[in-house]
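Here are my notes on the model, set out as numbered points to be read alongside the coordinates. I begin with a question on strand pairing and then work through the sheets, a helix or two, and the cysteines.

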Amino acid sequence: MKRHLISAADLTRDDAVLILDTAEEMARVADRPIKKLPTLRGRTICNLFFEDSTRTRISFEAAEKRLSADVINFAAKGSSVSKGESLKDTAQTLEAMGVDAVVIRHHASGAPYRLANSGWIDAPVINAGDGTHQHPTQALLDAFTMRRRLVGRDAGLGKGLDGRRITLVGDVLHSRVARSNVDLLHTLGAEVTLVAPPTLVPVGVETWPCEISYSLDEVLPKSDAVMMLRVQRERMNAAFFPTEREYSRRYGLDAARMARMPEDAIVMHPGPMVRGMEITAEVADSDRCTVVEQVANGVSIRMAVLYLLLGGSEPAVTTSRPSPTTTLDGGAARRPFDAEETK
């Protein structure tokens, strides 16, 4: 693992598989009466959010607290940022307070990279979403969900998504989720296809490691997983399609379209869903839709990322189900992987 996690494109296949395998171990913590590990006890992590968020912020906070870290939640609204304070000054304030890691979400593409490489702060930086650029932990949790559903929870250990056909549908132009998933899924060996109206396909997409299609109906029968992307109205400054009804008719996923997918294919969505436009309620509430699983898996993935960046360099993976004596190399802490210790 590198010092920072800024982009899914920075991850090698070994990096990605290590994170996914570590997340499998972290997921077992959720089955325990006490969902807490002492791995990051004494470490301080700041969640630096310059943009509104619900799932990502809460997911990171849950992951940090399950690893026993001290958590500082920073929101731009109501802070000195609203008075004009720069990212540099905010970062130097956090450095003075001695934070051990920063999780940052920012409306400007490239802000996490700037923070990580500016020298303003001497701590690992994790990108929780920057503009229309990248959202690496979202791509990791999506890949984790796909591997569990399409390969198997135990059978998938040490493996990628080789040969799996993944389709991403919708607002690719404004989607950091789409960019991150294309990079990571390609690294893991999957075949990725983007489906969108021509107006919502980015310039230069032909250089991406994926196929492009403008017909959802043609792609569905050969898709192992279909991820519907949210139409991001807040980032749109023009009319990219005639009406919501027209968009839904051509690119929305309903029960009739889902019936054209292979029987074992799954439906995904990074959330929040716009029911009735991108996806119907019938599809969103079906057993084949993994939206709730993705939320749960997000905590495991973020625990794995934090552990690997801060806790130690050894994988938290065992060949069998862990017992109370199984250990995680927690770096300086070197505490047992045992929830009972946190009583």
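1. How many bridges join strand 5 to strand 8, and in which sense do the two strands run? In this predicted model, strand 5 (residues 165-169) and strand 8 (residues 225-228) run parallel and are joined by 4 bridges. One residue of this pairing can be followed by name, since Thr167 has Val226 as its bridge partner in strand 8.

2. These two strands belong to an open sheet of 5 strands, which has the order 7-6-5-8-9 and parallel pairing. Strand 7 (211-213) and strand 9 (266-268) stand at its edges with a single partner strand each, so one side of each is left without a neighbour in the sheet. From one strand to the next, the twist averages 20 degrees.

3. A further open sheet is formed by 4 strands in the order 2-1-3-4, again with parallel pairing. Its edge strands are strand 2 (70-75) and strand 4 (125-130), each of which pairs on one side only. Neighbouring strands here are turned against each other by 10 degrees on average, with direction ignored.

4. Within that sheet, strand 3 (residues 101-106) pairs with strand 4 in the parallel sense over 4 bridges, and the bridge partner of His106 in strand 4 is Asp130. Helix 3 (residues 87-97) packs on the sheet, where it touches strand 1 (44-49), strand 2 and strand 3, and its direction makes about 165 degrees with that of strand 1.

5. Helix 1 (residues 13-29) has 17 residues and reaches 25 Å from its first C-alpha to its last, which is close to the 24 Å expected at 1.5 Å a residue. Of its 17 residues, 14 are buried, so helix 1 is largely enclosed by the rest of the structure.

6. Thr137, found in helix 5 (residues 136-150), deserves a separate look. Thr137 is buried, because its relative accessible area is 0% and the cut-off for that class is under 20%. Leaving aside neighbours within four places in sequence, Thr137 is in contact with Leu5, Phe60, Ile126, Asn127, Ile301, Arg302 and Val305. Thr137 also lies 9.4 Å from Ile6, C-alpha to C-alpha, although the two are 131 residues apart in sequence.

7. A last point concerns the cysteines. A disulfide is a covalent bond between the sulfur atoms of two cysteines. With sulfur atoms required to be within 2.5 Å, the count comes to 0 disulfides. Cys210 counts as buried at 14% relative accessibility, and Cys289 counts as buried at 10%.

Key:
Residues numbered from 1 in each chain as written. Predicted model: local features only at pLDDT ≥ 70, side-chain atom pairs only at ≥ 80, totals over all residues. Heavy atoms only, no water. Buried < 20%, exposed > 50% of the residue type's maximum accessible area, 1.4 Å probe, protein only. Expected span 1.5 Å × (residues − 1). Pairing = 2+ DSSP bridges. Axes fitted to C-alpha atoms, helices over the stretch in contact; angles between N-to-C directions. Contact = heavy atoms within 4.5 Å.
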